[in-house]
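Hi everyone, thanks for coming. Let me walk you through a structure that may be new to you, so please have a look at it first.

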Amino acid sequence: MPYRAPVQDYEFLFRHVVGFDRVAGTGRFEEASPDLVSAILTEAGKMCEEVMAPLQRNGDLHPAHLENGVLRTSPGFAEGWRAIAEGGWIGMSGNPEYGGMGLPMTLTTSVNEMMSAACLSLQLAPLMTQGQIEALEHHASAALRDLYLPKLISGEWAGTMNLTEPQAGSDVGALSSKAVPNDDGTYAITGQKIYISWGDNDFTGNVCHLVLARLPDGAPGTKGISLFLVPKYLPDDAGNAGVANSLKVVSLEHKMGLHGSPTCVMQYDGATGWLVGKEHGGMAAMFTMMNNARLGVGGQGVGVAEGAYQHALAYALERKQGKTPSGTIIDHADVRRMLTTMKADLFASRAILLACAVAIDMQTATGDADWAARAALLTPIAKTFGTEVGIETAQTGVQVHGGMGFIEETGAAQFYRDVRVTAIYEGTNGIQAMDLVARKMMDGGEAASRLLDEIEAHAEAARATFPEMAEAVWQATESLRETTEWLVSQTDMNERFAGAVPYLRAFARVLGGHFHLAAALADRGGAREKLARFYITRMLPEHVGLLEHAQSGASGLFALDADELSA
């Protein structure tokens with residue numbers, strides 16, 4: 001499908017909205033100059049437009065499949081992977097010691113989002129590998145890092161993560177996979193894992209699995225879980241892929257979308273693996289990979305929103321129906337409402353995503369605890385709101401197409417089918433919201449309060465230029481602060497959990513208003529000011545009902561018993 005990389009949007013956000021200059025001003029990332037950033041975004045955008053976007057329909061119409069036990073990927077995906085790998089896009093943020101570029105996560109996040117917009121099914125493969133790279137950098141032994149990281153960063157080998165089992169989904173601690181020590185320092189891994197994205201392929205020399213399993217002396221629950229690196233082919237003495245390990249793809253899941261991305265059921269039968277991190281410390285190591293993936297999945301949602309928006313806009317500009325000045329449906333008021341809503345939410349979700357990435361980069365560059373807290377606070381919001389906007393924008397894109405949106409040949413429905421799972425994996429959006437109001441509020445709401453202080457100070461400064469918009473953002477922020485204080489005061493966690501989802505959505509709405517206001521200040525009288533007025537006037541007010549819901553408590557949720565729900 002045609003796709004235009006929104007390079008200018010990223011550059012505008014970097015310069016005027018999310019404060020990327022602070023990242024480039026650190027010693028760690030001082031090479032990330034405006035010229036370098038522009039060159040990287042332009043080249044990545046070109047690759048997405050010319051190589052990946054043409055593969056979007058291939059993945060949907062010609063899915064990955066098993067052929068006599070061998071996984072065959074969609075036509076063109078091998079060439080697409082090669083373009084991604086040769087461009088260096090897999091190891092953008094990887095350690096230069098192992099062949100990475102050492103660039104800020106903010107840049108990696110932007111490139112990943114573009115790849116998601118162009119072809120989400122293929123983009124999942126480098127995203128999984130990037131997560132493994134980060135986990136190994138932080139937790140693996142020097143020997144494992146030296147062997148695996150150069151090959152993962154170059155794209156010669158690919159990586160996955162294996163958490164879920166048939167009986168252990170979000171409750172990871174219920175897993176039954178076992179790890180038994182061998183005499184040579186390795187471990188024999190046995191068990192079955194499901195929902196493994198890109199569990200195999202036919203275009204890399206090896207596929208390296210990070211697998212959660214329990215040692216014989218591992219305690220029940222998450223505290224007894226360890227993490228192991230289990231390659232498809234065992235490295236030989238020269239470090240090359242050698243004999244096959246004792247693992248296989250049992251089957252591929254039949255999915256609603258993402259047909260080009262093989263989601264595998266993996267079977268391990270005494271497969272040889274190496275411990276990553278400490279014994280019984282698997283969750284800490286895996287969360288490094290999962291947090292990377294959560295930011296990446298938020299970017300997938302934003303990327304699909306961009307693709308769906310461009311697709312719907314192109315259709316609206318061409319579709320003739322009714323009497324309008326242009327003769328096309330783009331001049332119908334309701335079509336304008338849909339398209340402008342899509343564009344406004346796209347900007348808000350992208351800004352939240354990049355603000356989260358900036359916080360991660362500042363944490364990396366400075367080690368500052370406040371930046372670490374900011375990154376932790378924004379991660380569940382970026383993941384949840386990004387994926388929700390992706391789903392809602394793709395759904396609205398179908399509506400813009402009208403009856404043709406329900407016809408598969410237009411491609412509008414594929415965006416919705418592909419993006420729908422993003423609200424489910426890497427921790428469902430409900431779990432993200434619970435994390436926000438529980439773990440991320442263990443500081444008594446201090447990290448949230450510091451962010452709200454910044455938003456209110458920015459709104460105060462904007463009053464002289466845009467008094468009405470600034471007042472709306474300030475008032476919404478103060479309402480969010482009051483609800484945050486109420487949540488923190490609740491000692492019964494169920495009271496917090498009952499309102500967690502609307503609270504996170506309201507937080508995202510307020511952040512969106514803040515970022516739109518910043519954009520308006522940087523583009524007075526321009527298109528971004530107009531879009532900000534639309535968002536702040538028509539969309540920001542949703543926070544009122546959301547915060548009311550957030551403070552309603554748990555009793556109403558449990559008023560109906562199971563029999564009454566079934567009646």
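Let's start at Met-114. Leaving aside neighbours within four places in sequence, Met-114 is in contact with Tyr-3, Ala-5, Pro-6, Val-7, Tyr-10, Leu-41, Ala-44, Gly-45 and Cys-48, where contact means heavy atoms within 4.5 Å.

Before I go on, a word on what you are looking at. This is a predicted model, in which local features need pLDDT of at least 70 and side-chain atom pairs count only at pLDDT 80 or more, while totals for chains, interfaces and linings use all residues. Residues are numbered from 1 along each chain as its sequence is written, and side-chain values use heavy atoms, with hydrogens and water left out.

Back to the inside of the protein. Met-114, Tyr-503 and Phe-507 are the residues with the most contacts inside the largest nonpolar core, which has 160 residues. By nonpolar core I mean a set of buried Ala, Val, Leu, Ile, Met, Phe, Trp, Tyr and Cys residues joined through side-chain atoms within 4.5 Å. Buried, in turn, means under 20% relative accessible area, with exposed being over 50% and partly exposed in between, using a 1.4 Å probe and protein chains only. Which helix gives the most to this core? That is H9, with 18 residues. Helices (H or I, at least four residues) and strands (E, at least two) are DSSP runs, numbered from the N terminus. Another core lies apart from the largest one; it has 17 residues, among them Ile-196, Val-211, Cys-264 and Ala-271.

Now to the charged side chains. How many salt bridges does a search of the whole structure find? The search finds 26, counting a side-chain nitrogen of Lys or Arg within 4 Å of a carboxyl oxygen of Asp or Glu. One of them is between Asp-345 and Arg-509, whose closest N and O atoms are 2.8 Å apart. Asp-345 lies in helix H9 (residues 333-366) and Arg-509 in helix H16 (residues 500-522), so this pair ties together parts that are 164 residues apart in sequence. Are these two residues buried or exposed? Both Asp-345 and Arg-509 are buried.

Helix H16 also holds Arg-505, which forms a salt bridge with Glu-388, again with the closest N and O atoms 2.8 Å apart. Glu-388 sits in helix H10 (residues 369-401), 117 residues away from Arg-505, so to speak a link between distant parts of the chain. Glu-388 counts as buried because its relative accessibility is 18%, and Arg-505 counts as buried at 12%.

A third example is Arg-481 with Glu-456, at 3.2 Å from N to O. Arg-481 is in helix H14 (residues 467-489) and Glu-456 in helix H13 (residues 446-462), so the pair ties together parts 25 residues apart in sequence. Arg-481 is buried, with a relative accessible area of 13%, and Glu-456 counts as buried at 11%. There is a network too: salt bridges that share partners join Asp-9, Glu-113, Glu-306, Arg-350 and Arg-528.

Arg-528 turns up once more, lying over the face of Phe-12 at 4.0 Å from the ring centre. For a charge to sit over a ring, NZ of Lys or CZ of Arg must be within 6 Å of the ring centre and within 35 degrees of the ring normal. Lys-151 lies over the face of Trp-157 as well, at 5.3 Å from the ring centre.

Next, please find strand S7 (residues 225-231). Seven of its seven residues are buried, so S7 is largely enclosed by the rest of the structure. On one side there are Ile-225, Leu-227, Leu-229 and Pro-231, and on the other Ser-226, Phe-228 and Val-230. Strands pair if DSSP finds at least two bridges between them. Strand S6 (residues 206-214) runs antiparallel to S7 and is joined to S7 by seven bridges; Leu-210 stands opposite Leu-229. Three bridges join S7 to strand S11 (residues 263-276), also antiparallel, and there Leu-227 has Val-276 as its bridge partner.Finally, Phe-228 of S7 leads us to the rings. Rings of Phe, Tyr and Trp (its six-membered ring) pair if their centres lie within 6.5 Å; planes under 30 degrees apart count as stacked, over 60 as edge-to-face and the rest as tilted. The centres of Tyr-187 and Phe-228 are 5.1 Å apart and their planes are at 55°, so this pair is tilted. Both residues, Tyr-187 and Phe-228, are buried.
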